[in-house]
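Reader: I want to learn to read a fold from its strands and side-chain links. Where should we begin?

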Amino acid sequence: QVHLVESGGGLVQAGGSLRLSCVASGSIVSINDMGWYRQAPGSTRELVARVSRGGIANYADSVKGRFTISRDNAKNTVYLQMNSLKPEDTAVYYCSADIRPRITARYSDYWGRGTQVTVSS
C-alpha cells in the first residue's frame, strides 16, 4: 500500500515562516503531480499549490509570492515553504499525490492525514 505522511506544521506568529514536508512511501512505481491543500474550520478544502514531476508549479492567488512548493523526486517528497504567514493561513494542510502503485496499472490520488498550521495575530 501507499502512504503519505506530512510533517512540519505548528504554531507561528503572523509574519513568520514554516516548512511543510510530505513523504510518499510504499510500493510506488511513479508519481505525477504532488500538491498541498488546506481546510480551515467551516470551509471546504482548497488547493494551495501543486507541482508536476517536471517541477512546474501553480499556486492559489492567496499564497502567490509567499509560498513556494518544491519536490525531490528521488525521495518521493514534496515541500511547502510558507513565508509571511497570515492568520487566515490557519488550517489543516493536506498533502496529495497522483501515484501509480505496483499493485495496479493506473494512477490514483492519495492523501495524507494532514498537519495543523496555526498563525497567531
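Reader: How many residues lie between β9 and β10 in their hairpin?

Author: Keep in mind that this is a predicted model. Six residues lie between the two strands of the β9 and β10 hairpin. Strand β10 spans residues 108-111, and its antiparallel pairing with β9 has four bridges. One pair to look up is S96, whose bridge partner in β10 is W111.

Reader: What holds such strands together in general?

Author: Backbone hydrogen bonds pair the strands of a sheet, in a parallel or antiparallel way. Here β9 gives several cases. β4 and β9 run antiparallel, joined by nine bridges. In that pairing, W36 stands opposite C95 of β9. β9 is also joined to β11, residues 115-120, by three bridges, again antiparallel. There, A91 has V117 in β11 as its bridge partner.

Reader: How many residues of β9 are buried?

Author: Nine of the eleven, so β9 is mostly covered. Buried here means under 20% relative accessible area.

Reader: Now the disulfide. Which cysteines does it join?

Author: C22 and C95, with an S to S distance of 2.1 Å. The structure holds one disulfide. The pair links distant parts of the chain, 73 residues apart: C22 is in β3 (residues 18-26) and C95 is in β9 (residues 91-101). Both cysteines are buried.

Reader: What is the handedness of the link between C22 and C95?

Author: Read the sign of the angle about the S-S bond. It is -80° for C22 and C95, and the link is left-handed.

Reader: β3 came up there. What is the strand order in the open sheet of four strands?

Author: The order is β1-β3-β8-β7, and the pairing is antiparallel. Look for the edges next. β1 (2-7) and β7 (67-72) each have a single partner strand, so each has one side without a neighbour in the sheet. Neighbouring strands are turned by 15° against each other on average, direction ignored. Between β1 and β3 there are six bridges, in the antiparallel sense. In this pair, H3 stands opposite S25 in β3.

Reader: On to charges. How many salt bridges are there?

Author: Five, using a cut-off of 4 Å from a Lys or Arg side-chain nitrogen to an Asp or Glu carboxyl oxygen. Take R50 and D33: their closest N and O atoms are 3.8 Å apart. This pair also links distant parts of the chain, with R50 in β5 (residues 46-51) and D33 in β4 (residues 28-39), 17 residues apart.

Reader: Is R50 buried or exposed?

Author: R50 counts as buried because its relative accessibility is 13%. D33 is at 31%, so D33 counts as partly exposed.

Reader: Which residues are linked in a network of salt bridges?

Author: R38, E46, R66 and D89. Within the network, E46 and R38 form a salt bridge whose closest N and O atoms are 2.7 Å apart. R38 has a relative accessible area of 7%, so R38 is buried. E46, at 36% relative accessibility, counts as partly exposed.

Reader: And where do K64 and D61 come in?

Author: Their side chains meet in a salt bridge, at 3.1 Å from N to O. D61 is exposed because its relative accessible area is 64%.

Notes
Residues are numbered from 1 along each chain as its sequence is written. This is a predicted model: local features need pLDDT of at least 70, side-chain atom pairs count only at pLDDT 80 or more; totals for chains, interfaces and linings use all residues. Side-chain values use heavy atoms; hydrogens and water are left out. A disulfide is a pair of cysteine sulfur atoms within 2.5 Å. Buried means under 20% relative accessible area, exposed over 50%, partly exposed in between (1.4 Å probe, protein chains only). Two strands pair if DSSP finds at least two bridges between them. Axes are lines fitted to C-alpha atoms, for helices over the stretch in contact, and angles run from 0 to 180 degrees between N-to-C directions.
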